[in-house]
Amino acid sequence: MSDRTAALHLRSLEEPDAFWGEAAEAITWRSRPEQVLDRTAAPFSRWFPGGVLNTCENALDRHVAAGHGDRLALIHDSPVTGTVRRFSYAELRDEVARTAGMLAALGAGRGDRVVIYMPMVPEAAIAMLACARIGAIHSVVFGGFAAHELAVRIDDARPVLVLSASCGIEGARVIAYKPLLDRALELAEHRPHHVVVLARPQAEAVMVAGRDLDWVVQVAAAAPVDPVPVAATDPLYILYTSGTTGRPKGVVRDNGGHAVALHWSMANVYDAHPGDVFWAASDVGWVVGHSYIVYAPLLAGCTTVMYEGKPVGTPDPGAFWRVIAEHGVRTMFTAPTAIRAIRKEDPEGEHLGRHDLGRFESLFLAGERLDPDTYLWATRMLGDRPVIDHWWQTETGWPIAANCLGIERLPVKPGSPTRAVPGYDVRIMRGDGSAAGPGEEGAIAIRLPLPPGTLPTLWGDDDRFRASYLSAFPGHYTTGDGGMIDADGYLFVMGRIDDVINVAGHRLSTGAIEEAVAAHPDVAECAVFAIPDELRGHVPLGLVVLKAGAVRDPDELRAELVAMVRDQVGAVACFRDSRIVQRLPKTRSGKILRATMRALAEGREVAVPSTIEDPAVLDEIAAVLAPRVVP
Ligand code: COA
Ligand code: AMP
């Protein structure tokens, strides 16, 4: 590693107060923090206690105040509706201020929760910033989740308001959101005061009198409000993410640490600066959307692109290159799956050749492992431009490992997201808690304290935070991923070592899918685990044991289970395959050996656990998996 990256990384770990104290200078504080890092309640830590700020003011108002009101803040490009909308910083500030006025008029205030269940429309970003403006805590739920998943999140967050839209548009299909929301509100115990619905012309929403209100009417009647001061340690948002059980985890993000870390990451990780056009082709429902569609580009004074479309089919595999050319995108961020989808339809980059990518400088990929094949193809297509794999998760909110282009461009090793980013002390642990050596695979952990911007806890559940992340290796945060660090300090992330799966860059819990499958009246027990998929990286597969006496046609049963998972979890789970088995492999204490089955499906060498009840079951499972085993 070169001196510059190494020196910065070392300093961030040895002198976190000085390092992050300097980074905090880039943020506008109403009151400066009294301290940088407070570890008195370790293993919990708090960044910038005593600091008072407003995240929305930092994202919008201060740029307007500095004379940049005319600069483009947000470009909404929607091939599915054939529209492009542009907002300058002044226009976006005004929209957000009025929307914040609406939220306040409907009773939302500092510390109240607001659930946002919306497609990729500018109003979704406006709603998030409006919450931040009044100190309300938003919780965005991804539109691809079904009613049950939404209900679970509503019951945990207990929002005063739910904001939604009449529909989302998925390629050529209109997906009505309101019936899903209505059903979720029937399922949930908690009752919000109001539901505010953005009516889109593509679908009409049936409104419940007294509860449901029209977005446009409410905003028009509202008076704009100024940003309210909040504590640096106050929550900005809760983002539910899949854990190893069916119950999602409410990742909390604070205001101060988040603003400082995200602002720092724009310049140092992404090499993105005020006025640059930055595009994260994700969804506001995921952490990438929170951090790099909404907050970070605006905190840094960039222009952010919000894209309502797909990499292919809207209308063709040149869609991404068209957006880059049309809006002068300098830095793009997407998931490897999207690149695989483009490559499949346009292997020689004919569509790419039709667009002027003159201002395009770098492509960042995350959300799942970047396989060397996809990396090499993207590199071949994009010539000299860096293609950067970087690794992070909802919990951290910004990259843990990356080739930090803003510091320097390090040589790439395909298959590696390069090195730990300053602020993160990444370690590889053996099962017994000792440190693994170079090149040795183990669990990836991060030595505490985590840097600013990462989760301080789980919403309303300090105990679960401790148990889920801090107990496996005392003094360390457990990432849930496995991997190794080579002799040059390059990290290789091999994938999840728990029951979380990544499907097309979407994070899902096999536990949630299992709950849906297990609810089928003919299913005695089941196991859901990830199997490799050429396009999506992984997809879930369900193995089911039928109840005694049940005789089912496998295809019919599969269709029923697929429908149940779509209904309970959502289409985004991509649950499309199930097999009937006589029994599942278990330990003598009854634990289902999912990791062993995953290894079988991947064609990896299977270490048969010594605690297995009956090793012969593995042969039966291998036979059932055979058609899907990768070569
Ligand atoms: N609202 C409602 N439904 C949604 C949805 C949303 N926001 N997002 C996805 N879905 C649905 C899809 O319509 C699809 O439904 P179907 O089974 O009825 O066809 C299902 O969920 C699966 O979605 P997906 O896996 O995304 O499949 P796709 O065929 O629509 O698109 C890719 C495939 C590869 C183009 C797409 O997955 C992609 O662009 N992936 C990149 C992911 C990404 O950006 N992740 C964020 C992390 S950076
Ligand atoms: P999410 O919380 O949705 O961002 O998903 C986080 C998980 O996605 C991580 O724990 C990894 O398993 C996976 N992931 C994200 N980025 C990468 C990457 N660059 N390489 C390998 N895995 C990744």
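The paragraphs below go through two ligand sites and one sheet of a predicted model.

Begin with ligand 1. Its surroundings are made up of 24 residues, and the closest of these are R173, K310, R536, R566 and R576. By class, this shell holds eleven nonpolar, six polar and seven charged residues.

Several polar contacts can be picked out at this site. K310, one of the closest residues, places a polar side-chain atom 2.7 Å from an oxygen atom of ligand 1. E170 also approaches an oxygen atom of ligand 1, with a polar side-chain atom at 3.0 Å. G144 contributes through its backbone: an N or O atom there lies 3.4 Å from a nitrogen atom of ligand 1. On its own, ligand 1 has 950 Å² of accessible area, of which the protein covers 85%.

Ligand 2 is the next stop. Here 15 residues surround the ligand, the closest being D389, H390, T394, D481 and R507. The shell around ligand 2 divides into four nonpolar, five polar and six charged residues.

Which atoms of ligand 2 do the side chains of D389 and Q393 approach? For D389, an N or O atom of the side chain is 2.8 Å from a nitrogen atom of the ligand. For Q393, a side-chain N or O atom is 2.9 Å from an oxygen atom of ligand 2. The backbone takes part as well, since an N or O atom of E368 is found 3.4 Å from a nitrogen atom of ligand 2. Taken alone, ligand 2 exposes 500 Å², and the protein buries 95% of that area.

From ligand 2 the path leads to a sheet through D481. This residue is among the closest to ligand 2, and its number falls in strand β25, which spans residues 476-485.

The sheet is open and has four strands in the order β23-β24-β25-β26, with antiparallel pairing. At its edges are β23 (426-429) and β26 (491-496), each of which pairs on one side only. Neighbouring strands are turned against each other by 50 degrees on average, with direction ignored.

Within this sheet, one pairing can be followed residue by residue. Strand β24, residues 442-447, runs antiparallel to β25, and five bridges join the two. What is the bridge partner of A445 in β25? The partner is T478. Strand β25 therefore offers two places to look in the model: T478, which bridges to A445, and D481, one of the residues closest to ligand 2.

Technical notes: Residues are numbered from 1 along each chain as its sequence is written. Chains are lettered from A and ligands numbered from 1 in the order in which they are written. This is a predicted model: local features need pLDDT of at least 70, side-chain atom pairs count only at pLDDT 80 or more; totals for chains, interfaces and linings use all residues. Side-chain values use heavy atoms; hydrogens and water are left out. A residue is near a molecule or strand if one of its heavy atoms lies within 4 Å of it. A polar contact is a pair of N or O atoms within 3.5 Å; within protein, one must be able to donate a hydrogen and the other to accept it, and residues adjacent in sequence count only if both atoms are side-chain atoms. Accessible areas come from the Shrake-Rupley method with a 1.4 Å probe; for residues, only the protein chains shown count as cover. Ala, Val, Leu, Ile, Met, Phe, Trp, Tyr, Cys and Pro count as nonpolar, Asp, Glu, Lys and Arg as charged, and the others, Gly among them, as polar. Two strands pair if DSSP finds at least two bridges between them. Axes are lines fitted to C-alpha atoms, for helices over the stretch in contact, and angles run from 0 to 180 degrees between N-to-C directions.
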